[in-house]
Amino acid sequence: MTQPDALLDVAYDEALRGLAEGGVPIGAALFDVDGALLGRGHNRRVQNDDPSVHAETDAFRAAGRRRDYRPTIMVTTLSPCWYCSGLVRQFGIGTVIIGEAQTFHGGHDWLAEHGVKVLVLDDPRCVSLMTDFIAERPDLWFEDIGVAPTKQTPA
């Protein structure tokens, strides 16, 4: 397998693209076990006005059909939410590499409990990117993670 940091670079580049487009800066990429890129993408919920276009689903769709996803590696800049964790389980993706899980702890423990190999890198670039974004755009962040606006969370 290619070095995890090198794979993460592709997902991080996608996260920066999403941020530049005015969206949530989460990127992902799907690779085969030899490190060949199958598909890449980023969160496009804002850009496409489509709540289902998360980074992982964007990369997965870009990769196209495969008979078997077990020998693939999903790389994402942020711990996958339950929706994206479900995608990993549904299609049997064998490995998930995560840039960081400090700003958001999604479903990666559940994935590991069900046999998915999970590697959390705690990459400082990913932590900084999300920390800054959450501070600057809490409205988009809370929308993205499904938290309804309250007096404590901005509309």
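**Close-up views of a predicted deaminase-domain model**

**View 1. Asp49, an exposed loop residue with positive phi.** Asp49 counts as exposed at 70% relative accessibility (exposed means over 50% relative accessible area, buried under 20%, partly exposed in between; 1.4 Å probe, protein chains only). Its place is in the loop between helix H2 (45-48) and H3. Helices here are DSSP runs of H or I with at least four residues, strands are E runs of at least two, and both are numbered from the N terminus. Asp49 is not a glycine, yet its phi is positive, about 50°. Most residues other than glycine have a negative phi.

This is a predicted model, in which local features need pLDDT of at least 70 and side-chain atom pairs count only at pLDDT 80 or more, while totals for chains, interfaces and linings use all residues. Residues are numbered from 1 along each chain as its sequence is written, and side-chain values use heavy atoms, with hydrogens and water left out.

**View 2. The annotated domain, residues 2-118.** UniProt lists these residues, in an unreviewed entry, as "domain: CMP/dCMP-type deaminase". UniProt positions follow the numbering used here, feature names are shortened, and annotations may be inferred rather than shown by experiment. Over residues 2-118 the chain is 39% helix and 23% strand. The end C-alpha atoms of this stretch are 15 Å apart.

**View 3. Helix H1 against helix H6.** H1 covers residues 4-20 and H6 covers residues 124-136. They pack at an angle of about 20°, with their axes 11 Å apart. That angle makes H1 roughly parallel to H6 (under 35 degrees; over 145 counts as roughly antiparallel, 65 to 115 as roughly perpendicular and the rest as oblique). Axes are lines fitted to C-alpha atoms, for helices over the stretch in contact, and angles run from 0 to 180 degrees between N-to-C directions. The H1-H6 crossing is left-handed (the near helix is turned anticlockwise from the far one by less than a right angle). From H1, Leu8, Asp9, Tyr12, Ala15, Leu16 and Leu19 meet Arg125, Cys126, Leu129 and Phe133 of H6 (contact means heavy atoms within 4.5 Å). By class, this contact has 8 nonpolar, no polar and 2 charged residues. Ala, Val, Leu, Ile, Met, Phe, Trp, Tyr, Cys and Pro count as nonpolar, Asp, Glu, Lys and Arg as charged, and the others, Gly among them, as polar.

**View 4. Helix H3, largely enclosed by the rest of the structure.** 7 of the 9 residues of H3 are buried. They are Ala55, Glu56, Thr57, Asp58, Ala59, Phe60 and Ala63. These buried residues pack against strand E1 (27-32), strand E2 (37-42), E3 and helix H4 (82-91). Just after H3, Gly64 takes a positive phi of about 80°.

**View 5. The contact of H3 with H4.** The two axes come within 8 Å and cross at roughly 35°. Glu56, Thr57, Phe60 and Arg61 of H3 meet Tyr83, Cys84, Leu87 and Phe91 of H4. The residues of this contact divide into 5 nonpolar, 1 polar and 2 charged.

**View 6. Arg70, in the loop between helix H3 (55-63) and strand E3 (72-78).** Arg70 is exposed, with a relative accessible area of 60%. Leaving aside neighbours within four places in sequence, Arg70 is in contact with Gly92, Ile93 and Gly94. Asp32 is 38 residues away along the chain, and its C-alpha atom is 9.3 Å from that of Arg70.

**View 7. Gln102 and Asp122 in contact.** Gln102 lies in the loop between strand E4 (95-100) and helix H5 (108-113). It is exposed, with a relative accessible area of 55%. Beyond its neighbours within four places in sequence, Gln102 is in contact with Asp122 and Val127. Asp122 lies in the loop between strand E5 (117-120) and H6. Asp122 is partly exposed, at 41% relative accessible area. Asp122 also has a positive phi of about 50°, although it is not a glycine.

**View 8. Gly107, buried in the loop between E4 and H5.** The relative accessibility of Gly107 is 0%. Not counting residues up to four places away in sequence, Gly107 touches Ser79, Pro80, Cys81, Trp82 and Ser85. The C-alpha atoms of Gly107 and Val46 are separated by 23 Å, and the two residues are 61 residues apart along the chain.
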